[in-house]
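Visitor: I am new to this structure and would like to know what stands behind the labels.
Guide: Here it is, and then we can go through them one at a time.

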Amino acid sequence: MEEQVAQLLAATQAASDAPRKQAEQQLQSLWPRPEYALALLAIASHDSAPHNIRQAALLALKQFVLACWSPTFDEFKGQVLVPDDNKLRIREALLELATSDQLERRVKASASYVVSKIASSDFPEEWPDLLQKLMHIIPNGTEGQLHGALKVLSELVDDSFNEDTFFRVATDLVKVVYDVAINESRKPTLRALAVSVFRGCFDILEMVMEDHKAEVKAFAEEVLNQWQPFFISVMKTKLPDPPSEQEENEDSPNAETYRGLVSLKLQVVKVLMRIRSVFPAMLSPQSPVLFSATWEELSSLQAAYHQMYIEEERQSRLEDADRLPYTLDFLVLEELDFMQACLRAPPVRSELEQQLRNQQAAEATWVTEVMKLAVAYAQITTEEEGLWNVDVNIFLSEETSVTANYTPRTACGDLVIKLGEWLTQPTVDGLLSYTRSLYNTTQSWKAKEAALYILNQLLSDFQDVDKQIGPEAATGFVDFIRYAMQQPDPFLRARGYLVAGSLTRTSGDALQPVATSFLETCLQAITNDSNDVVQVSCIRALQFYLQSLPPSITQPLQQTIITAISTYLQSQDMQELAESDDLMVTLVETLRDAILLDTRISFTGTGLDLLFTVASHGANNFQLTMLVNETFEEVTTTIAATGGDAYVNLCAKVLPSLNAALDVGNLTEENALTNLAADLLSVLAEHGPEPLPNGFVQATMPKLNRILLGSTDEELLKSATTAVKNILSHGHQQLFEWRSEDGKGGLEVVLIIIDRLLSPGVNDNAAGEVGSLAAEVVEKAGSERLGPYLPQLLRAVAVRLGSATHAPFIQSLTLVFARLSLNNASEVVDFLAGLDINGTSGLQVVLSKWLENSINFAGYDDIRQNVIALSKLYDLKDQRVSQIQVRGDLIVTNDIRIMTRSRARSNPEQYTVISAPLKILKVLIVELQAAGGTRELDAAAAAELAEEGSDNDDWEDEPNEFLNLSGGLTKEQLMAYADEQPGNGRRPDDETQGFLVDFFKRAHATPEFEDEWKSLSTEEQGRLQASAA
């Protein structure tokens, strides 16, 4: 069988899909054969087999184990296909393979992973000697065996230990990895792996700490007392000079040793960060020593880092086969983060504050030295320079912090931001002092750019927390900005323009004398500078000026700004530009700010045309379309509010473009531009005057009708439905008087649209807005105009509601009856009671869906209307309503087993069955609590909490109410946010709350309420009593 399996494994490596999938299916067909797993193991253990085939065998074995070894796995297929005696052989052979001496690392890693998976099911009951064997190999084995044993142990710590198992072996386990970590005769990579295993232990300690705080802390204290001297020793050990690029490429012994030492230091810093997050108070006394060691090392590594990454282009962000990072940039990044964390430790702060009091001149303080360090590591690397020159979008994504790429450059920005939050003025003074000295030297443009980059990061943080930079410091940076703007190096020039805008925005009126010239220089550069990075930086910088300078300066330049952006766009290939998401968003943001200076330019100038042009090429970008929608909504609202012909002029300007976009694409295929046009048309109608200007319906309804009767695109159908609803809401008379090309009246056209959307062929999501449209038709047309169509329409809504499963769709359909019930509750009950839906009363169908989903409704107006409608139904005291039985409360079982997907399917949730009036009371009690609002943090309080959470509290264990010591929310707050009780996150709604209080007072006075009160839960009774009090 081995030969057959080996051939199939080779076929799974094929490049083409068909043979690969066929081989995978054939392998799966062999699962029931007892010898299958043994054959895979034999292939994986065969020294002469190619590495990729051995690895493939272990991957196939892992899939087989997860599916057929034990019911404890989520992937288990329902039948154990491995006999117990085979299991024993597989376990022993796999462990031997994983801990063998001469084995390729990736094969060994795969074997270790399979061992850990089996161990997560079988250890310790069915594999009691696993840990004992590992503990024997680690101190006594060869380097290859030690590596394998540590890999297996690492996987066990990550996946297989529960608290009981861990604490039985914790002392021995920590001791055995400690002995490896401190053993300088072992390879540094193995020592790093041992430290990594130790770090994994803190995940387990953190999980069990809440239930066993005293024991865990005692254990941690004992262990850390043993490990801390080792940590400090490694931190203080100097790295040797880095290997040359040639040595790296040749993988020389010198390069291997250097990588191992970097990896060891990295793991030590990582474990220190982990200790700080779980047991900060234990680390706090050592924080000054660790801070000094980190600062010294970062200072000593500057030259090597500069040589390798700023001047040369060495490989960066690399990990070995054990997923241990080993390049210098990773070490610098971790140490910068650890230095930032140490700055918040009380002993470090006390010492640094004392030093600051003793140091008078800004240029001689330790803060200035931190700035020097930050500028050194914030310089643009050769790799970044190359990438940004090729793709300006990558530069912009870094600049706008959209990227997830966290580098030493961004870490330096964070370091200075944290310093600025603690010591605002000394930080600004220190940066200004160092920048002055730097600009008086012949250092490269990269250093000068880095100083302004650090300033930019600091200013961005000031903007986020509504803080301003002092006028003296602001004017102190002006000369450096002017210098940067005039330099031949494009990145330094771009930085000058960006900082000029940022500094203008965060310095109040301090830069008013130079702000206009800065703005004009920025505008000229968009048109005249030959470098893409500079042009794009200026387009972004315009946002800072437009958001902060008075209209007297910016408004006269409105058309000039729009023309400058237009000129830039004309020089670009729009198809290529559309692939640069961040750049497209920046263009839209700047256009938005320019248009909103005076929205009349929307129909007198080219601003809106330009916005639509960018949008038409970037309609697939969700963030961009949201911005365009928001901008157009503000334009429409502002222009409609001015009165006169302004709105008519806007319609004349935009409707031809929107109609043209609605014609783009095939109705059976998704087209993002058509969707955007429908959204914008909906916005135009929603915020227009009432009645809409003459000709609006004729200009829009033919296209919308075509879409709503022919399209299959879900989002387009929703947007177009909303557009028709808004037209009906603001111009119903014009719509009813309009006739389509085939002679149908406007009301008939809308009813045909509703009929199509309610049909089974349109799914819940696509028909999501039809309820709102139907409710609007009923309200605006009235029963007289609708005549016999009204009961047909309501029947169609009720039938579709019965089969609906999508929550927003259910809400949309339910609100048709809710809005009718506001004034005609009795007639609604009469109609539904007389309705037969597949043998079930319409009242049963509609009330069941209505009451089971009410607490999930969203939107203040919809919730308020629903609350009032339900109260009207309750007040009817109609026997037909009382006889309706609906789903009540969840029946809680005592099953404490983990609920896997398969168990959930076979044991669905059970609910009580209660009367509709009682369910109405339960729903309205939930809404009463929700209308009172849940406690939300305003921006200032959130910022204050976040600052507290990331401050000294990071370094205190007791008394500390923070569950996540690096965050700003208490455990209680986190649990409140996680609580899935309906209504969470809603702000207080006094009107709804007042209405419900009055309702319950009335209900209390009715004879039926006493029995209903007894049927309420204790919690519900308590809520009502609290409201009454």
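Guide: A start can be made with Asp 251, which is called partly exposed. The model is predicted, so local features need pLDDT of at least 70 and side-chain atom pairs pLDDT 80 or more, while totals for chains, interfaces and linings use all residues. Residues are numbered from 1 along each chain as its sequence is written, and side-chain values use heavy atoms, with hydrogens and water left out.

Visitor: Why is Asp 251 called partly exposed?
Guide: Buried means under 20% relative accessible area, exposed means over 50%, and partly exposed is in between, with a 1.4 Å probe and protein chains only. Asp 251 has 45%, so it counts as partly exposed.

Visitor: What is the phi of Asp 251, and where is the residue placed?
Guide: Its phi is positive, about 55 degrees, although Asp 251 is not a glycine. Asp 251 is in the loop between α12 (245–250) and α13 (253–278). Helices here are DSSP runs of H or I with at least four residues, numbered from the N terminus.

Visitor: What makes Arg 317 count as partly exposed?
Guide: Its relative accessibility is 38%, so Arg 317 is partly exposed. Arg 317 also has a positive phi, about 50 degrees, although it is not a glycine. The loop that holds Arg 317 runs between α15 (287–311) and α16 (328–342).

Visitor: Why is α43 described as largely enclosed?
Guide: Of its 12 residues, 10 are buried, so the rest of the structure largely encloses α43. Among the buried residues are Leu 843, Val 846 and Trp 850.

Visitor: How do you know that the reach of α43 is close to the expected one?
Guide: The expected span is 1.5 Å times one less than the number of residues. For α43 (residues 842–853), with 12 residues, that gives 16 Å, and the helix reaches 17 Å from its first C-alpha to its last.

Visitor: What makes the approach of Ser 841 to Leu 843 a polar contact?
Guide: A polar contact is a pair of N or O atoms within 3.5 Å; within protein, one must be able to donate a hydrogen and the other to accept it, and residues adjacent in sequence count only if both atoms are side-chain atoms. At the start of α43, a side-chain oxygen of Ser 841 comes to within 3.1 Å of the backbone nitrogen of Leu 843. That is a polar contact because the pair falls within the 3.5 Å limit.

Visitor: Which backbone nitrogens lie 3.0 Å from a polar atom of the side chain of Asn 671?
Guide: One belongs to Leu 673, and another to Thr 674. Asn 671 itself is in the loop between α35 (646–662) and α36.

Visitor: Why is the peptide bond from Phe 123 to Pro 124 called cis?
Guide: Its omega is near 0 degrees. Pro 124 is in the loop between α6 (105–122) and α7 (130–140). The bond from Glu 690 to Pro 691 is likewise cis, with omega near 0 degrees.

Visitor: How is the lining of the largest cavity divided by class?
Guide: It has 3 nonpolar, 2 polar and 5 charged residues. Asp, Glu, Lys and Arg count as charged; Ala, Val, Leu, Ile, Met, Phe, Trp, Tyr, Cys and Pro as nonpolar; the others, Gly among them, as polar.

Terms used:
Helix = DSSP H or I, 4+ residues; strand = E, 2+ residues; numbered from the N terminus.
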